[in-house]
Each structure stands twice: as structure tokens, then as C-alpha cells.
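Let's take a walk through this one together. Have the sequence and the 3D view open side by side, and follow along as we go from the strands to the empty spaces.

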Amino acid sequence: MATTRLGAQPPGPETDIAVIVHASAPATRLGRNELASVFTVSRRTWGDGTTILAFNSPPDSPLRQAFDRATLGMDTDQVSRFWIDQRIRGGTRPPKHVADPNLVVKLCSRLSGAIGYVPATLVGRDSREVRIVARVRNGTVIAP
């Protein structure tokens with residue numbers, strides 16, 4: 001059975017992905033459209049004016065591919081073309097890539113505008129530093 005760099009099973013459509021934000025972020029629930037606007041950088045601030053700092057897994061990551069399919073409705077090639085088009089038009093840059101999901105949790109716990117996604121198993125129920133604002137389960141965005 002194939003494994004990821006972290007030694008866990010690679011994410012598939014059945015993987016539970018937690019979308020997390022810093023505990024102080026005003027967002028409590030984000031739907032598919034809101035996530036798409038954050039991760040295509042068309043939405044740049046939270047409701048309180050805090051700049052959004054979005055963190056993406058690398059494009060070749062199964063976690064990223066599952067997230068992009070569920071939130072953006074795009075596969076890897078379509079997402080790549082989207083960002084090439086943005087660069088050509090002088091648009092925004094994509095969210096920063098962070099390969100280690102544990103680092104995404106750490107960044108989201110320390111940076112007030114941060115948002116990222118990780119395997120749900122990395123986020124404890126009693127975590128006070130981050131809040132789950134959405135989940136991706138079976139290829140669908142659902143409430144936390």
C-alpha cells in the first residue's frame with residue numbers, strides 16, 4: 001500500500017479533511033463557495049479586515065488534489081492553468097505551498113489570518129489554537 005511522506009495512507013475521496021483557521025478568525029463556518037474564493041485569492045480579508053493567509057499543500061499532494069476537487073471543482077491540470085492565467089493577466093499569486101500538514105496546523109495556530117487544510121486526524125477536539133470551519137468528506141464540503 002502506498003504511503004505519504006508522513007507515513008499515513010494517501011488521501012482518497014473518503015479522507016476527512018479539516019479546514020482550519022486561527023482561533024481568533026471571525027469565520028466559524030465556510031461553505032464550498034467561500035473556500036473557493038479564499039483559495040483562488042478572490043477573497044483577501046476576513047470580515048473584521050484581517051488579511052487572509054491561505055496555505056495550500058503542493059500541487060502533487062493527494063491531499064491538495066482531493067481538496068481542489070471538492071472546493072474548486074478542478075483537477076490538477078485545471079488548477080495549474082488557472083494560476084498560469086492569473087500570472088499572465090498580472091493577477092494575484094496562489095496561496096503559499098506548505099508540504100507538511102503538521103506545519104500547516106502550527107502556522108494556523110500562530111498567524112491570526114491563517115487558513116489551511118489538513119487530515120482531520122491532526123486536529124484535536126480540544127485544540128484552542130485553531131478552529132475547524134469546514135470539512136471535506138467523501139469529496140463534499142460539509143459543516144464542521
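What follows is a short tour of some strands, one pocket and one cavity. Keep in mind that this is a predicted model.

A good place to start is strand S4, residues 114-119. Is this strand buried or exposed, for the most part? It's mostly covered, with 5 of its 6 residues counted as buried, where buried means under 20% relative accessible area.

Now look at what pairs with S4. Strand S1, residues 17-22, is joined to S4 by 5 bridges, and the two run antiparallel. To find your bearings in that pairing, click on Val19, which stands opposite Tyr117 in S4. S4 also pairs with S2, through 2 bridges, and here the strands run parallel. In this pairing, Ala54 is the residue to look for, as it stands opposite Ile115 in S4. While you have the strands on screen, a general point may help: in a regular strand, side chains alternate between the two faces of the sheet.

Next, the empty spaces. Rolling a probe the size of a water molecule over the atoms shows where such space is left.

Take the second largest pocket, which holds about 440 Å³ of space. Its lining is made up of 24 residues, and Val41, Arg93, Pro94, Pro95 and Lys96 are the ones nearest its centre. Which elements each supply at least two residues of that lining? They are strand S2 (53-56), helix H2 (62-71), helix H3 (76-88) and strand S3 (96-97). So S2 turns up again: this strand pairs with S4 and also helps line the pocket. H3 gives the most to the pocket lining, with 6 residues. As for chemistry, you'll find a mix of 12 nonpolar, 5 polar and 7 charged residues around this pocket.

Finally, there's the closed kind of space. How many cavities of 30 Å³ or more does the count give? Just 1, and the largest cavity has about 30 Å³ of space in it. Around it sit Phe39, Thr40, Asn56, Arg64, Asp68, Leu72, Val79, Phe82 and Trp83. Both H2 and H3 supply at least two residues of this lining, and H3 again gives the most, here with 3 residues. Sorted by class, the cavity lining has 5 nonpolar, 2 polar and 2 charged residues.

If you take one element away from the tour, make it H3, which gives the most to the lining of the second largest pocket and also to that of the largest cavity.

Conventions:
Residues are numbered from 1 along each chain as its sequence is written. This is a predicted model: local features need pLDDT of at least 70, side-chain atom pairs count only at pLDDT 80 or more; totals for chains, interfaces and linings use all residues. Side-chain values use heavy atoms; hydrogens and water are left out. On a 1 Å grid over the protein atoms alone, a cavity is a set of points where a 1.4 Å probe fits but cannot get out, and a pocket is an open set with protein on both sides within 12 Å along at least five of seven lines; lining residues have an atom within 4 Å of a point. Grid points are joined across faces, edges and corners, and a volume is the space filled by probe spheres set on the points. Helices (H or I, at least four residues) and strands (E, at least two) are DSSP runs, numbered from the N terminus. Ala, Val, Leu, Ile, Met, Phe, Trp, Tyr, Cys and Pro count as nonpolar, Asp, Glu, Lys and Arg as charged, and the others, Gly among them, as polar. Buried means under 20% relative accessible area, exposed over 50%, partly exposed in between (1.4 Å probe, protein chains only). Two strands pair if DSSP finds at least two bridges between them.
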